Amino acid sequence: MTNLTHMTIRAALDGLKKKEFTASELVDAHIAASEAARHLNCYITETFDLARDAAKESDARYAKGEALPLDGIPIAMKDLFCTEGVQTTAASKILKGFIPPYESTVSGNMKRDGLISLGKANLDEFAMGSSNTTSAYGHVLNPWKREGDDRDLVPGGSSGGSAAAVAARIAMGATGTDTGGSIRQPAAFCGITGIKPTYGRCSRFGIVAFASSLDQAGPFARTVEDCALLLESMAGYDPKDSTSVNLPVPRYADAIGGSVKGLKVGVPKEYRVEGTNPEILALWDKGAQMLKDAGAEIVEVSLPYTKYALQTYYVIAPAECSSNLARYDGVRFGQRAEGDNLIDTYEKTRAEGFGQEVKRRILIGTYVLSAGYYDAYYNQARRVRKLIWQDFMNAYQQCDVLLTPTAPTPAFAIGENQQDPVTMYLNDVFTIPASMAGVPGLSLPVGLSGDGLPLGLQLLGRPFEEETVFKVAHALEQAAHFTALPQTLQRKAA
Amino acid sequence: MSIDKDTVGKIARLARIRVTEEDKEKLSAELTNILTMIEELNAVDTTGVEPMTSVVQVKMHQRDDVVTDGGIPDKILANAPEKAAGFFVVPKVVE
């Protein structure tokens with residue numbers, strides 16, 4: 001039954017409807033695969049018993065012909081979504097043992113549609129990172145390895161556990177969140193597809209907050225169509241999130257297969273960044289050619305403020321995080337350290353509970369918001385953000401989507417590329433601008449590097465035009481015909 | 001511009017995070033490194049540009065002023081490190 005772990009969600013739904021297999025068989029196959037892949041450390045908390053129970057309920061509905069839209073499909077749930085009754089840690093020590101008494105809107109939507117969570121997926125602590133090496137619960141390993149090299153590679157981050165689970169075929173899909181690239185970059189590093197929808201598309205209620213003006217939930221899957229199916233489930237207006245936009249959710253999967261004839265694909269010249277792996281630049285050109293062959297028109301565009309996006313992000317995101325993480329004080333939930341008085345308790349609790357990267361970001365955020373610096377740093381960054389947003393709106397007068405690389409390198413080895421924080425931040429140079437502008441962005445695998453690692457390309461669309469993004473992504477997916485499997489899976493097959 | 005050890009100490013106090021002398025040394029270097037990167041924004045002419053608060057252009061929706069929640073003290077206290085008689089318990093605040 002190992003082919004049950006190598007299907008698309010679309011194919012699995014067909015198989016379940018036709019009674020070729022049951023939801024229990026599908027879920028059991030993925031539980032077995034998850035157990036065999038524990039060395040990847042994809043899950044902080046496994047919820048296999050709950051999954052088996054949910055599978056039985058799913059089978060009962062299939063038997064009665066009352067199946068929910070995505071009934072019985074097993075997924076991984078990033079451990080940033082509050083799940084009622086199930087530990088939610090945000091990969092931090094400070095939330096060890098925290099059991100939310102409520103469900104996030106997005107995970108609730110997915111339960112409503114019959115999706116089954118196998119466990120809470122590992123991530124960089126509080127979603128801060130691009131490698132999943134800052135989790136208090138251990139690193140996540142990428143199921144891909146370089147040809148002839150046994151070193152462990154990072155899956156990317158922050159949603160490393162989610163991406164690795166889908167790539168390793170231990171889950172059919174997964175949820176992630178993307179603040180500066182945390183869905184798109186791990187999707188590229190793990191050879192899968194992921195989308196960060198328009199800001200406001202998915203509710204942030206119940207998602208452990210990092211940067212409130214940037215955070216957005218989104219799906220991972222192994223095909224563009226599967227991502228579309230998952231996004232339709234996740235998205236929707238939520239009155240409990242004041243930044244949630246009241247627009248109907250389209251049937252995203254209907255956009256799959258549409259023609260890209262006459263569509264304009266913009267190639268932004270400022271994304272040709274020094275230090276980008278030349279294989280990725282070559283793939284970018286190849287991707288543009290593939291879309292041209294499919295009937296699209298390639299247009300060179302300019303987004304002049306792109307080179308300031310990283311700096312803008314590293315003012316705004318830490319500023320917002322310093323505010324959002326003030327709630328972790330050891331009083332109402334989470335871990336508490338013993339202190340002589342209240343302030344002592346706060347200071348010790350937070351010093352012991354937060355990891356180094358989180359502390360750095362809180363401190364930089366506190367600094368840029370402090371009296372005397374607020375206007376020079378924080379307000380200046382917000383003004384530059386406006387200019388970055390304007391760049392996108394201007395570009396979209398000349399094209400319908402933008403095509404760019406997703407990451408400047410393929411997945412790197414644990415320890416490589418991580419000498420200092422700023423070097424790590426450069427991983428997000430292609431993904432951050434879209435986050436600043438709030439526009440939707442999707443990454444899909446288009447080719448392999450010389451040493452056998454997946455390389456992704458990114459498509460960015462107009463606000464709330466996820467359908468166009470899916471349409472173009474599908475056309476590129478068809479042309480690229482990426483069928484490579486992670487080496488660790490190939491070895492198993494052998 | 002650099003963030004010296006004293007400044008690290010001040011910021012850490014504001015952020016309620018205990019830092020040792022050794023921490024301050026390391027953080028001073030790391031935060032200065034980040035700040036140097038951020039300061040590249042000073043080169044951008046932003047005259048006449050409004051600071052962006054949100055990418056989403058919606059008028060803040062207000063709900064009806066009715067009680068729709070509450071009466072769940074056990075759930076609220078469930079994750080408290082220390083609780084008593086329906087209250088969160090903390091170290092003494094007032095001497």
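What follows is a chat between a visitor and a guide about a predicted model of chains A and B.

Visitor: Let's start with chain A. What makes chain A as compact as a globular protein of its length?

Guide: Put two numbers side by side. The secondary structure of chain A comes to 16 helices and 11 strands. Its radius of gyration is 21 Å, and the globule rule gives 23 Å for 494 residues; those values are close, so chain A is as compact as a globular protein of that length. The C-alpha atoms fill a box of roughly 65 × 50 × 50 Å along the principal axes. Buried residues make up 61% of the chain. And of the contacts in chain A with a separation of 6 or more, 77% are between residues 24 or more positions apart.

Visitor: Why is one side of β1 and of β8 in chain A left without a neighbour in the sheet?

Guide: Follow the strand order, which runs β1-β3-β2-β4-β6-β5-β10-β11-β9-β7-β8 in an open sheet with mixed pairing. β1(A), residues 43-46, and β8(A), residues 297-301, stand at the edges with a single partner strand each, so one side of each has no neighbour in the sheet. On average, neighbouring strands here are turned by 30 degrees against each other, direction ignored.

Visitor: How do you know that β11(A) pairs with β9(A) and β10(A)?

Guide: Count bridges: a pair needs at least two. β9(A), residues 401-405, and β11(A), residues 454-461, have five bridges and run antiparallel. Within that pairing, V401(A) sits opposite G461(A). β10(A) and β11(A) have seven bridges, also antiparallel, with S443(A) facing Q458(A). These two strands form a hairpin with five residues between them, and G452(A) in the turn has a positive phi of about 80 degrees.

Visitor: What makes β11(A) mostly covered?

Guide: A residue is buried once 20 or more other C-beta atoms lie within 10 Å of its own, and eight of the eight residues in β11(A) are buried. That goes for both faces: P454(A), G456(A), Q458(A) and L460(A) point one way, while L455(A), L457(A), L459(A) and G461(A) point the other. Helix α8(A), residues 278-293, lies across β7, β8, β9, β10 and β11 of chain A, at about 55 degrees to β11(A).

Visitor: Why is helix α7(A) called largely enclosed?

Guide: By the burial test, 11 of the 11 residues in α7(A), residues 224-234, are buried, so the helix is largely enclosed by the rest of the structure. The buried residues include charged ones, E225(A), D226(A) and E232(A) among them. After the helix comes G236(A), with a positive phi near 140 degrees.

Visitor: Over to chain B. Why are α1(B) and α2(B) called roughly perpendicular?

Guide: Their axes cross at roughly 95 degrees and come within 9 Å. Roughly perpendicular covers 65 to 115 degrees, so the label applies to α1(B) and α2(B). In this contact, K5(B), V8(B) and G9(B) from α1(B) meet K24(B), E25(B), L27(B), S28(B) and L31(B) from α2(B). By class, the contact has three nonpolar, two polar and three charged residues.

Visitor: How many residues does each chain bring to the contact between chain A and chain B?

Guide: 40 residues of chain B are in contact with 55 residues of chain A. On the chain B side, the elements giving two or more residues are α1(B), residues 5-14, and α2(B), residues 21-38. α2(B) gives the most, seven residues. This side of chain B has 27 nonpolar, five polar and eight charged residues.

Visitor: Last one: why does S54(B) count as partly exposed?

Guide: Buried takes 20 or more neighbours and exposed means 12 or fewer. S54(B) has 14 C-beta neighbours inside 10 Å, so it counts as partly exposed. This serine is in the loop between α2 and α3 of chain B. Setting aside neighbours within four places in sequence, S54(B) is in contact with S213(A) and T243(A).

Note on methods. Residues numbered from 1 in each chain as written. Chains lettered and ligands numbered in written order. Predicted model: local features only at pLDDT ≥ 70, side-chain atom pairs only at ≥ 80, totals over all residues. Contact = placed C-beta atoms within 7 Å. Helix = DSSP H or I, 4+ residues; strand = E, 2+ residues; numbered from the N terminus. Axes fitted to C-alpha atoms, helices over the stretch in contact; angles between N-to-C directions. Parallel < 35°, antiparallel > 145°, perpendicular 65-115°, else oblique. Rg over C-alpha atoms; globule rule 2.2 N^0.38 Å.
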